[in-house]
Amino acid sequence: MSVTKINPMKELPYDEIRMEFPLIRELLSMVRRKDDIEEMNNYVEKFCEAFRKEGLEKNTILSEIELWLWYFTGQSQDDKSTNRCLSFFVKCSLMMLLEDTVIPPLFTLLLQHIKNIQFSIYDTSRYRCCWLITSIFQAVEEIEADYEPTNCKEEGSLPTEVMNSLTKILQGRIYDKNPSVRAEVIRSFSVLCRINIVDALKDISRDVRTEAVHCVSLFSESDISTFISVILMESDSDVRRLAFSRIACSLHVRSLTVQQRMQLLKVAFTSDDGTMLRKIAGRMIINWAGNDAVSLLNLLQQLDFLSDSQTSQQAVMIFLKNYQREIRSARTSEILMKLRELRNAAQPKSVITNMTPFADFTSYDILDRRNYTELRQSNEPKMRNDQISSSNNNLYVIAGRIFLWRSLCEYCQLNAIDERDRCESLYVLLPDMIDFIDFLCNSLATWTVSTNSVQEVLQECIIFQLCLLTRLFDQTDQTGMEKWQNTLEIIISTRDLPNSEKVLEFAVYELFDLFYAKEGKLEEFLEWCCYRINSFLTPDLNETEELPLTRALLFKLGMDYAMSPETAIEQDNNYEPKSHNLQRALILLRAIMRNSGIAKVTTFLRTAFDQVVDAYCTTLDPMIWASLSEVIGIGVAVDGQIARERIHMLRSAIEVEETPTRVKALALTSIAACAILRSYAVTAQLYYPEIVGSGVQKGQMLLQVFEGFIFNQDAELSFAAVESIGKILYHRCLCFPSALSGLLLRYFDSSCQPSPYTFLNYFFNFYPAASR
């Protein structure tokens with residue numbers, strides 16, 4: 001067993017300092033040995049009373065005190081007995097200041113001593129200078145706490161000229177070379193809440209940043225916003241954990257914007273030191289939820305499940321896990337029962353009208369198999385101008401309730417103690433699969449293309465969450481799965497449904513994984529998809545759109561297809577597809593090519609690719625350039641024929657100055673992907689087919705294309721160039737000195753944006769090992 005070694009207290013230099021006032025030595029000896037505030041105050045009163053007596057040689061006593069101040073100033077920063085002695089002199093001088101109408105000589109001596117050591121060559125002395133000022137401020141705060149607060153500076157305990165003088169000394173030490181001095185300045189300024197110390201959060205020293213996290217004020221929105229933006233970029237895990245702890249303990253959920261809450265949670269869930277931060281984030285989540293009967297619904301109110309559903313779902317999972325520990329139940333079915341009991345015991349639901357000014361989830365029940373159908377009555381879009389706001393609130397509530405429904409289902413599926421518990425929980429939450437698919441089809445009938453962007457996002461979220469819920473049903477239900485296959489085909493094939501990238505990609509992946517992949521029907525699936533893509537570019541309805549179920553859906557959507565395709569062609573032989581249909585064809589093509597398990601470039605897929613690209617090239621619609629650039633990039637990377645025929649389009653996007661930033665960035669990353677999947681030399685040959693020369697020359701020219709964007713002021717372009725070069729060097733095990741030099745210069749460039757810097761920091765940790 002190890003015993004902590006306690007260093008003996010150093011004796012005071014009585015022989016070196018001449019004794020003029022014996023009481024000083026007596027009191028210092030007692031102060032050094034006892035850390036008691038009440039006794040310290042008694043010693044202060046005793047000294048002040050003795051100092052006021054007549055017949056004392058005040059100057060002689062002050063000379064002795066000055067020697068003691070110099071002695072203690074030179075002692076170690078960690079010597080607590082020295083701190084108590086200096087604090088004793090501070091309290092004595094302040095007591096005399098309060099009782100006299102003029103500044104007493106002892107306080108004048110203390111101020112002069114502080115001024116004398118502020119520029120000392122010794123770090124300890126400069127530290128003591130700031131420490132003494134901190135002690136004065138803290139003592140004044142303790143004294144003024146007994147009086148009524150005032151905004152009048154003249155009524156403060158310290159004269160204005162003294163306060164200004166001490167503040168000026170601190171400002172002169174704020175950039176001191178020693179971190180301990182800078183940290184003490186932060187402590188001093190933190191006592192004066194009117195002084196802004198937020199810049200210290202960016203100090204190079206971890207100790208100073210730690211002190212700043214402790215001391216910076218979090219009273220205003222600006223203070224909180226700056227604090228959060230800085231700590232999210234903090235590289236030291238200890239400082240970051242301390243900052244998160246302070247937020248969890250000091251800030252109410254309403255002090256944070258929704259965006260700030262999501263940023264904090266996302267960093268906590270994805271950070272390298274995630275274990276500790278997740279615990280702190282868990283504390284935040286419990287605080288945000290509250291402890292009433294509808295705490296789960298309260299939590300949903302604080303999250304942004306629309307823009308970041310993954311982080312929001314993790315927060316809900318953490319809450320449920322904590323709640324499960326709280327009720328000491330291992331079975332998820334018991335959690336559902338407890339949540340229902342709590343909700344029923346809460347106050348009656350408030351009356352919900354279309355005039356509700358904001359969305360309040362606590363007024364609603366949690367969805368399950370008993371009450372999910374009530375959404376049918378409320379999911380009717382109201383598009384009159386005076387009802388748009390209330391309709392959006394209604395849709396937001398529906399989206400949130402479905403999101404929470406799905407999160408509960410997934411929690412029960414993942415955390416059930418056994419198969420029986422899982423089946424019981426899902427039976428409580430989910431209806432029969434056929435009934436749910438019918439409900440989803442009815443929801444599709446209310447999903448329309450909207451001119452209201454908010455309503456469009458909310459409707460997309462509702463449909464997407466419902467689609468995700470289907471993964472939780474029993475997939476051995478053959479009748480239900482057949483109905484689900486038909487619904488997926490309708491979602492993909494019906495051109496008049498909104499062009500949702502998320503929903504279409506989900507439908508493509510799900511249809512392939514569930515009904516084609518297991519039987520090895522890849523080419524059949526691609527042929528089916530390509531036929532749909534072709535149909536979107538013509539007036540002809542595809543076979544899925546001709547089905548009675550789809551016809552019924554189109555009728556509900558208000559679409560009239562009474563005219564036969566042949567009549568339509570006779571009336572308009574120069575048919576041009578609507579922009580909506582073109583965009584749907586492009587989204588479907590991109591969904592196919594993004595999936596590495598599907599994107600086998602067959603004759604059908606290559607033909608569909610050429611049709612879509614050529615159709616878009618004739619429309620020149622800038623709204624789809626980014627998607628088109630991505631599709632071309634994927635095609636160039638995976639297929640040699642497409643690479644030879646289309647890589648010039650990516651080159652044009654890079655070289656034309658007026659090209660939108662997003663398109664140019666996608667073109668750069670697409671060229672890099674081609675260089676990684678094929679080879680750098682082959683890509684350079686394809687990129688410069690008109691140049692007759694060696695492959696080395698073309699390679700150097702292609703490298704210069706990427707290097708030209710490394711120092712671009714646009715963060716997205718700079719990141720695209722840095723990421724592209726880094727991945728080429730890493731995956732192809734190449735070593736280009738000029739490219740490496742550019743990356744190093746960008747890494748150490750003070751103007752480097754956060755995204756390129758983060759990637760470069762990651763890249764340089766792995767590149768040397770890969771290039772050996």
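**Cysteines, a surface patch and the overall fold**

Let me start with the cysteines: with a disulfide taken as a pair of cysteine sulfur atoms within 2.5 Å, the count for this chain comes to 0 disulfides. I should say at once that what we are looking at is a predicted model, and that every value I quote is computed from it. As a reminder, a disulfide is a covalent bond between the sulfur atoms of two cysteines.

Two of the cysteines deserve a word on their surroundings. Cysteine 461 has a relative accessible area of 5%, and so it counts as buried, and cysteine 752, at a relative accessible area of 13%, is likewise buried, because the cut-off for that class is under 20%.

Turning to the chain as a whole, we have 36 helices and 0 strands. Of its 772 residues, 51% count as buried, and the accessible surface comes to about 38,600 Å², with 51% of that surface belonging to carbon and sulfur atoms. If we take the contacts between residues at least 6 apart in sequence, 69% of them join residues that are at least 24 apart.

Now to one place on the surface. Which residues make the nonpolar surface patch of about 330 Å²? They are Tyr730, Tyr762 and Phe766. Tyrosine 762 lies in helix H36, which covers residues 754-771. Is tyrosine 762 buried or exposed? With a relative accessible area of 53%, tyrosine 762 is exposed, because that class begins over 50%.

To close, I would set side by side the buried cysteine 461 and the exposed tyrosine 762, in a chain for which the helix count is 36 and the strand count 0.

Terms used: Residues are numbered from 1 along each chain as its sequence is written. This is a predicted model: local features need pLDDT of at least 70, side-chain atom pairs count only at pLDDT 80 or more; totals for chains, interfaces and linings use all residues. Side-chain values use heavy atoms; hydrogens and water are left out. Patches are made of residues with over 30% relative accessible area and no salt bridge: like charges are joined within 9 Å, nonpolar side chains (Val, Leu, Ile, Met, Phe, Trp, Tyr) within 5 Å. Accessible areas come from the Shrake-Rupley method with a 1.4 Å probe; for residues, only the protein chains shown count as cover. A salt bridge is a side-chain nitrogen of Lys or Arg within 4 Å of a carboxyl oxygen of Asp or Glu. Helices (H or I, at least four residues) and strands (E, at least two) are DSSP runs, numbered from the N terminus. Buried means under 20% relative accessible area, exposed over 50%, partly exposed in between (1.4 Å probe, protein chains only). Contact means heavy atoms within 4.5 Å.
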